[in-house]
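Colleague: Could you take one part of this model and walk me through it slowly, helix against helix? I'd like to know what touches what, and where the covalent links sit.

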Amino acid sequence: MAELRLPIDSFTLRLEEEARSEYLVYRVQQNCMRRFGFHHLPHLSKRYIAMTVKTRREYASRRYGISDHVIAAEHGYHLSDASTGNRAPQAVNSLSQQERTVLSGRTESGDKPDPVRGEPVPDGGCAGEAHRTVQGDATSVAARKGDALVARLRREIFVRSRSDPRVTAVNKKWAACMREKGFTYRNPAAAVDDSRWDLESAAPTHEETTVAKADVTCKLRTNVLGVNFAVESELQISAVAEHKDTLDSLREQRQEVSRRLPGLLRRYG
């Protein structure tokens with residue numbers, strides 16, 4: 001499923017581009033903070049890109065529930081270790097007040113700060129400088145509205161697709177397949193939500209991986225994934241047509257960010 005892109009995904013960066021963009025925002029922040037003498041995001045490395053892509057791909061593969069035989073066999077319904085991470089992020093509260101001022105561009109009282117160590121603080125702080133450097137016009141009011149629209153449509157259409165007759169019909173076929181294997185669930189979501197699975201634990205039980213493997217087998221046998229993707233795509237196409245002007249403008253902005261990424265990676269990577 002991670003290989004497929006829904007219609008509305010054409011108005012967003014691809015996974016690899018999104019990860020590079022995020023990394024570069026942090027890298028520019030880091031360089032900006034260094035100008036003021038601060039050691040910011042000390043563990044940041046290009047490994048962030050690969051790990052972010054891997055994590056996003058795993059989440060994407062689960063849009064309609066677990067869909068990968070290997071993940072089901074190894075992790076059941078648990079997320080993989082790569083997706084849960086192994087290092088705590090640098091907490092904002094761990095920064096000094098002066099560091100927070102430089103990062104945000106605002107004092108504790110919300111005022112614009114005076115120069116710090118003789119260096120004027122950029123508008124919006126180092127965070128603002130980083131977003132402008134990497135994303136350009138993508139930080140504009142119009143772009144933010146476009147992003148909010150994409151997020152809303154993606155969420156609302158997914159929820160609407162759950163009750164589409166074609167989805168409910170294929171879920172019944174999946175449930176019948178699972179009963180043949182000795183498991184009773186009304187739909188794939190119910191299998192994930194089974195109270196027997198402790199998804200906060202370090203590892204899945206044998207019973208969980210057994211159910212998860214059957215779940216994937218039945219999804220493929222009954223075409224749960226294909227039907228869900230087709231229904232959601234159909235609903236999204238209608239929504240895209242309804243908001244064409246806003247989304248076309250957003251696509252142009254995203255394409256500009258995409259074109260800028262290789263040069264920024266050479267400069268800051």
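Modeller: Let's start with H8 and H11, which run roughly antiparallel to each other. The reason is the angle: their axes cross at roughly 170°, and anything over 145 degrees counts as roughly antiparallel. The axes come within 10 Å. Keep in mind throughout that this is a predicted model.

Who does the touching? From H8, which covers residues 165-180, you have Arg166, Val167, Val170, Asn171 and Trp174. Facing them from H11, residues 224-242, are Val224, Val227, Asn228, Val231 and Glu234. Sorted by character, the residues of this contact come out as six nonpolar, two polar and two charged.

Stay on H8 for a moment, since Cys177 lies there. A disulfide joins Cys177 to Cys218, with 2.1 Å from S to S. Cys218 belongs to helix H10, so the bond ties together parts that are 41 residues apart in sequence. The link is left-handed, with -75° about the S-S bond. As for exposure, Cys177 is buried and Cys218 is buried too.

While we're at H10, which spans residues 206-222, have a look at Thr209. This threonine sits in H10 and counts as buried because its relative accessible area is 9%, below the 20% cut-off. Setting aside neighbours within four places in sequence, Thr209 is in contact with Ala72, Ala73, His75, Gly76 and Pro204.

Now for the other covalent link; the structure holds two disulfides. Cys32 and Cys126 form a disulfide with their sulfur atoms 2.0 Å apart. Here the angle about the S-S bond is -70°, and the link is left-handed. Cys32 lies in helix H1 and Cys126 in helix H6 (residues 125-135), so this pair ties together parts 94 residues apart in sequence. In space, the two are 5.6 Å apart, C-alpha to C-alpha. Count the bonded cysteines along the chain and the pattern reads 1-2, 3-4.

How buried or exposed is Cys32? With a relative accessibility of 1%, Cys32 counts as buried, and Cys126 is buried as well. Leaving out neighbours within four places in sequence, Cys32 is in contact with Pro122, Cys126 and Glu129.

That brings us to H1 itself. H1 (residues 15-35) packs with helix H2 (residues 47-61) at an angle of about 135°, their axes 9 Å apart. That angle makes H1 oblique to H2, since it falls short of the 145 degrees beyond which helices count as roughly antiparallel. The crossing of H1 past H2 is right-handed.

If you want to click through this contact, the H1 side is Leu15, Glu16, Glu18, Ala19, Arg20, Glu22, Tyr23 and Tyr26. They meet Tyr48, Ile49, Thr52, Val53, Arg56 and Arg57 in H2. The residues here divide into seven nonpolar, one polar and six charged.

To put the pieces together: H8 packs roughly antiparallel to H11 and is tied to H10 through Cys177 and Cys218. H1 crosses H2 obliquely and is linked to H6 through Cys32 and Cys126.

Conventions:
Residues are numbered from 1 along each chain as its sequence is written. This is a predicted model: local features need pLDDT of at least 70, side-chain atom pairs count only at pLDDT 80 or more; totals for chains, interfaces and linings use all residues. Side-chain values use heavy atoms; hydrogens and water are left out. Helices (H or I, at least four residues) and strands (E, at least two) are DSSP runs, numbered from the N terminus. Buried means under 20% relative accessible area, exposed over 50%, partly exposed in between (1.4 Å probe, protein chains only). Contact means heavy atoms within 4.5 Å. Axes are lines fitted to C-alpha atoms, for helices over the stretch in contact, and angles run from 0 to 180 degrees between N-to-C directions. Angles under 35 degrees count as roughly parallel, over 145 as roughly antiparallel, 65 to 115 as roughly perpendicular and the rest as oblique. A crossing is left-handed if the near helix is turned anticlockwise from the far one by less than a right angle, and right-handed if clockwise. Ala, Val, Leu, Ile, Met, Phe, Trp, Tyr, Cys and Pro count as nonpolar, Asp, Glu, Lys and Arg as charged, and the others, Gly among them, as polar. A disulfide is a pair of cysteine sulfur atoms within 2.5 Å.
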